[in-house]
Amino acid sequence: MVANNGKDLGDALRREEPYIELEEKLAAQVKKLIRLNAALWIFCLAALSVAAVAVMQMPATAGLSGIASLAAGTSASAVIGVDTAVTAVTIAVAGGNIGTLNVLRRYRLEEKKNGKIILYLKK
């Protein structure tokens with residue numbers, strides 16, 4: 001399956017799709033998340049958890065600006081960047097909880113020459 005944004009990716013992770021293809025900007029952001037070492041991952045996950053829970057409690061009208069505001073204010077944005085933090089929160093919200101980001105780390109990343117990546121669920 002092809003995921004074009006954080007919402008698509010969150011949905012695919014929730015369903016534990018066997019492979020997921022990502023392009024360009026989303027691919028670069030997901031690479032950052034998957035390649036974080038364990039200590040930084042725990043740090044970022046804790047910070048992003050607060051933002052994800054807050055977004056899930058927001059009225060639907062807050063939209064992307066609400067996600068961006070909350071994610072940008074986390075300490076995780078200093079480590080992975082604001083855009084990647086926003087994408088991570090979007091993935092978590094679309095997947096239903098912050099655990100969706102841990103599911104992401106269960107995928108093996110394969111880079112393609114054209115800027116795409118393919119994620120394969122590890123067995």
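In this predicted model, helix α6 is followed by G96, a residue whose phi is positive and lies near 105 degrees. The helix that G96 follows covers residues 82-95, and its length can be checked against expectation: at 1.5 Å a residue, the 14 residues of α6 should span 20 Å, and since its end C-alpha atoms are indeed 20 Å apart, the two figures agree.

How much of α6 is buried? Of its 14 residues, 11 are buried, so the helix is largely enclosed by the rest of the structure. The buried set consists of T84, A85, V86, T87, A88, V89, T90, I91, A92, A94 and G95, where a residue is taken as buried when its relative accessible area is under 20%.

Part of the surroundings of α6 is supplied by helix α1, which is made up of residues 6-14 and packs against α6 with the two axes 7 Å apart and at an angle of about 45 degrees. The two helices are therefore oblique to each other, because an angle counts as roughly parallel when it is under 35 degrees and as roughly perpendicular from 65 to 115. The crossing of α1 and α6 is right-handed. On the α1 side the contact is made by G6, K7, L9, G10, D11, L13 and R14, which meet T87, T90, I91, A94 and G95 of α6. Sorted by class, this contact holds four nonpolar, five polar and three charged residues. Each of the α6 residues T87, T90, I91, A94 and G95 that meets α1 is also listed among the buried residues of that helix.

Beyond α1, the chain enters the loop that leads to β2 (19-22), and E16 has its place there. Although E16 is not a glycine, its phi is positive, near 50 degrees. With a relative accessible area of 36%, E16 is partly exposed, as it falls between the 20% limit for buried residues and the 50% limit for exposed ones.

A positive phi is also found at E24, again a residue that is not a glycine, with a value of about 40 degrees. E24, however, lies in a helix, namely α2, which comprises residues 24-35. The relative accessible area of E24 is 61%, so this residue is exposed.

The last stop is K123, which lies in the segment after β4 (117-121). Is K123 buried or exposed? Its relative accessibility is 97%, and K123 therefore counts as exposed. Although K123 and R106 are 17 residues apart along the chain, their C-alpha atoms are separated by 8.8 Å.

Conventions: Residues numbered from 1 in each chain as written. Predicted model: local features only at pLDDT ≥ 70, side-chain atom pairs only at ≥ 80, totals over all residues. Heavy atoms only, no water. Axes fitted to C-alpha atoms, helices over the stretch in contact; angles between N-to-C directions. Helix = DSSP H or I, 4+ residues; strand = E, 2+ residues; numbered from the N terminus. Parallel < 35°, antiparallel > 145°, perpendicular 65-115°, else oblique. Left-handed = near helix turned anticlockwise from the far one by under 90°. Contact = heavy atoms within 4.5 Å. Nonpolar A, V, L, I, M, F, W, Y, C, P; charged D, E, K, R; others polar. Expected span 1.5 Å × (residues − 1). Buried < 20%, exposed > 50% of the residue type's maximum accessible area, 1.4 Å probe, protein only.
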